[in-house]
2 protein chains.
Amino acid sequence: MYVDLGSALGATPGVSRDSLERLDEQVATAHERIQAGRRNSQHGYAALNLPETVDLDAIRGAVAPFEDPAAVLTVGIGGSALGAATLADALAGPADPDAYFLDNVDPEHVSRLLASLPLDRTVVNVVSRSGTTAETLANFLVVREAMADAGVDWTERTFVTTGESGNLCDLAEQHDLPSLPVPDGVPGRFSALSTVGLAVAAIQGHDLDALRAGAAAAADGLSGSLFETPAYAYGATAYALTGRGALTNAMMPYAERLETFAEWFAQLWAESLGKDGLGQTPARALGATDQHSQLQLYRAGPRDKLVTLVRPRDRPDFGIPATELDGLSYLGGSSLGELLDAEFEATEASLVESGVPAIRVEIDAVDERSLGSLLYEMEAACVLYGELASVSTFTQPAVEWGKRAARGLLGGGDFEEADAVDERTSLVVE
Amino acid sequence: MYVDLGSALGATPGVSRDSLERLDEQVATAHERIQAGRRNSQHGYAALNLPETVDLDAIRGAVAPFEDPAAVLTVGIGGSALGAATLADALAGPADPDAYFLDNVDPEHVSRLLASLPLDRTVVNVVSRSGTTAETLANFLVVREAMADAGVDWTERTFVTTGESGNLCDLAEQHDLPSLPVPDGVPGRFSALSTVGLAVAAIQGHDLDALRAGAAAAADGLSGSLFETPAYAYGATAYALTGRGALTNAMMPYAERLETFAEWFAQLWAESLGKDGLGQTPARALGATDQHSQLQLYRAGPRDKLVTLVRPRDRPDFGIPATELDGLSYLGGSSLGELLDAEFEATEASLVESGVPAIRVEIDAVDERSLGSLLYEMEAACVLYGELASVSTFTQPAVEWGKRAARGLLGGGDFEEADAVDERTSLVVE
């Protein structure tokens, strides 16, 4: 990816070139820690070795038994779904099997989706490292029953992606299901470039080698200076701006295909860095649409924002037909892509003019190689930010409390967290 | 809607019951201004009169000529699309015509969507008050040509929703197209309950009378006290919390059907209140999915957040099949809806336990009446917040700058804003 920091210099909050140069000494130290973590395959850092360690043949082998599927349904939540969804939404062509994701337990949504799928031509991919994630396992039980009701042998249409032991592991053994390992030391939100993120891409026929090559090139490009490494330029500048008051990071791709990428980024950023009272809140946006929704606030609201503008340098395009309509003849000589680029540049200039910091992130095109590179580099940016902030990037302790409370409420054990639900104060206005 | 402020009391930032009582005096004054604005149909305040002023028969009449459509395609951006999309995503049943929205100018997305639609059975709804919105008119030109290329007479399949003069008005006259007026004094983001938001609902066969009745009941319920008016309870508490540091408002519905509602709310809140350095940044989230993405940050990150948890009190549900799987038998006696509710309550308790303010918003069900009420009350909440903050709720001056720059860049006139694009500083890392 290409990172342009120009519109973050001198903004409010902003960083100066001098500040970045001073920060670069910390970047060098952090880079050494990251490289040491990678050499020792330490928890989390191991994610940055995936371009070397991921076994593409195992992925291809696991999905090979499913010939000519019409759809692939991933049953997983959070990091077990978002990486695969990001790649599917970015890369899928009209002739590819459709990719669906059951990443919520809304009963109506689940039943409608299942009713609309051709279950006898659908591949089901159940993803949970532990094999006990309540939402995922509940949905899997529902999917399994729906297949049985439709007269489909679910054991012929299912594969699992899971840890070395647990329910899903046992199930795979019992029914001889294809299975893929969730890699050790790779938290879910860092697993897009592993078995977890790539199996759906394999079923859709995307070029896994190009995805890996893009990520590998980014890995090779990591150096000890933010001025030489786009990932570190992004991570270090976002870190510096957060410290100066940019507690929100509006992630705004100018490409419909990258809308899910913004969601993936939001998980990566929030769950990795939101700790100890620190972190930066990701706000997902989409250009040009959100110029008509969020831009007023970005430009004239509180000075607590960084806006990240993302676009491909090349994209399929076509011309806008000529028109006789009053005052619109200028559109006729142009194309939709040119209009979108003009909106991108106008938004960026509009932020600069009002002193709001923006970072421009560009990729060559929305294709496998660029996506591999983009996801890897945003992960590296996040790891660097975590090092600079001295937080525990690879854990998510605050999520566990709610899980225990929910389980207690459902009668799945005696958890004191569930009692807290009854203790809350009410002040109802109706 | 039902608003429970209990989990915002005593949080950090938080409000006390005493503070709310003091604030209630300002609410009374603000309510008087709002009622005066409504009586005089002043710009913006007129939106709160829509339950009385909207002409449902005109809407039904405009869409009546289109018999048995397979799809309805709205060409509009921002407030010209989001209200209709919110209702379509909340209410659409499997037998209704599909609703699509061209609210961006991504060339690939536009061409794929048009290639996938049965154009001879698609109704096109072009929405722009001025008739000159660049994105909307460019897309309309493309749609019109695609229809011509497919041998479809676009004049038989199109209606327009627009102001009293301009391109779309002329076009409607010239080709005898059905047309609906954009109501005077109603900014786009407040137009969900007008012709702009309700035409698609009419085509999909939803109950417009129930939508209006829900909104009318909410309008009748507005009183001079936040303790008696759910809309004001929400707006006043959000305002108080923003002043105490909650610069971000995470809008988190626990229903897939309300995901677009969160987007609609984000526009309403950002564009109305993001002014003079004030405002609150909406962050769109979705329960339970985002518990596995954003909750870590909400619970353990910076104390700059309010979390708004929204759910229907009643929803279609079904049981989770019994299972032999290890440690999961507790799920078998439950239902997906109960699991989702347990997650909702666990998340709320988890925020309370860590001192993060949350407001619970409930509606009876995801149906026409409740939606009419919810949209009206969130609009009233926003207007009240704007009164308390003394901002110009109904304008969006910061959006205009970028529009002029984009137009200048495309050769649509001489605008000095376009020059600023060339003046920006670059610091590229690649």
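**Two chains, one interface: a chat**

Q: Hi! How many residue pairs are in polar contact across the interface of chain B and chain A?
A: Hello! There are 51 such pairs, with both residues at pLDDT 80 or more. Keep in mind that this is a predicted model.

Q: Okay, and which helix of chain B gives the most to the side that touches chain A?
A: That is helix H14, residues 336–353, which contributes 13 residues.

Q: What classes of residue make up that side of chain B?
A: The side of chain B that touches chain A has 61 nonpolar, 40 polar and 34 charged residues.

Q: Charged ones, nice. How many salt bridges cross between chain B and chain A?
A: The rule finds 12 across that interface. Over all chains, the count comes to 50.

Q: Why would such side chains pair up at all?
A: Side chains of opposite charge can pair when their charged atoms come close.

Q: Which residue pairs with B:Asp4?
A: B:Asp4 forms a salt bridge with A:Arg424, and their closest N and O atoms are 3.1 Å apart.

Q: And what does A:Arg144 meet?
A: Its partner is B:Glu324, in a salt bridge of 3.7 Å from N to O. This pair crosses between chains: A:Arg144 sits in helix H6 (residues 134–149) of chain A, while B:Glu324 is in the loop between strand E9 (305–312) and helix H13 (329–332) of chain B.

Q: Switching topic: which strands join across the two chains, and do they run parallel or antiparallel?
A: Strand E11 of chain A (residues 428–429) and strand E1 of chain B (residues 2–4) are joined by two bridges, and they run antiparallel. Within that pairing, A:Val429 stands opposite B:Val3.

Q: What area is buried between the chains?
A: About 11,300 Å², with carbon and sulfur atoms giving 62% of it. In chain B, the residues losing the most area to chain A are B:His292, B:Gln296 and B:Leu427, together 7% of what that side buries.

Q: How many residues does each chain put into the contact?
A: Chain B gives 135 residues and chain A gives 135 residues.

Q: One last thing: what turn lays chain B on chain A?
A: A turn of 180°, with a shift of 0.0 Å along the axis, and the RMSD is 0.0 Å. The two copies are therefore related as by a two-fold rotation axis.

Q: Which C-alpha of chain B is nearest the axis?
A: The one of B:Ala283, which lies 2.6 Å from the axis. The same surface serves both copies, too: 100% of the contact residues of chain B recur in chain A.

Notes: Residues numbered from 1 in each chain as written. Chains lettered and ligands numbered in written order. Predicted model: local features only at pLDDT ≥ 70, side-chain atom pairs only at ≥ 80, totals over all residues. Heavy atoms only, no water. Least-squares fit on C-alpha atoms with pLDDT ≥ 70 in both. Contact = heavy atoms within 4.5 Å. Buried area = accessible area lost by both parts, 1.4 Å probe. Salt bridge = Lys/Arg side-chain N within 4 Å of Asp/Glu carboxyl O. Polar contact = N/O pair within 3.5 Å; in protein donor to acceptor, adjacent residues only side chain to side chain. Helix = DSSP H or I, 4+ residues; strand = E, 2+ residues; numbered from the N terminus. Nonpolar A, V, L, I, M, F, W, Y, C, P; charged D, E, K, R; others polar. Pairing = 2+ DSSP bridges.
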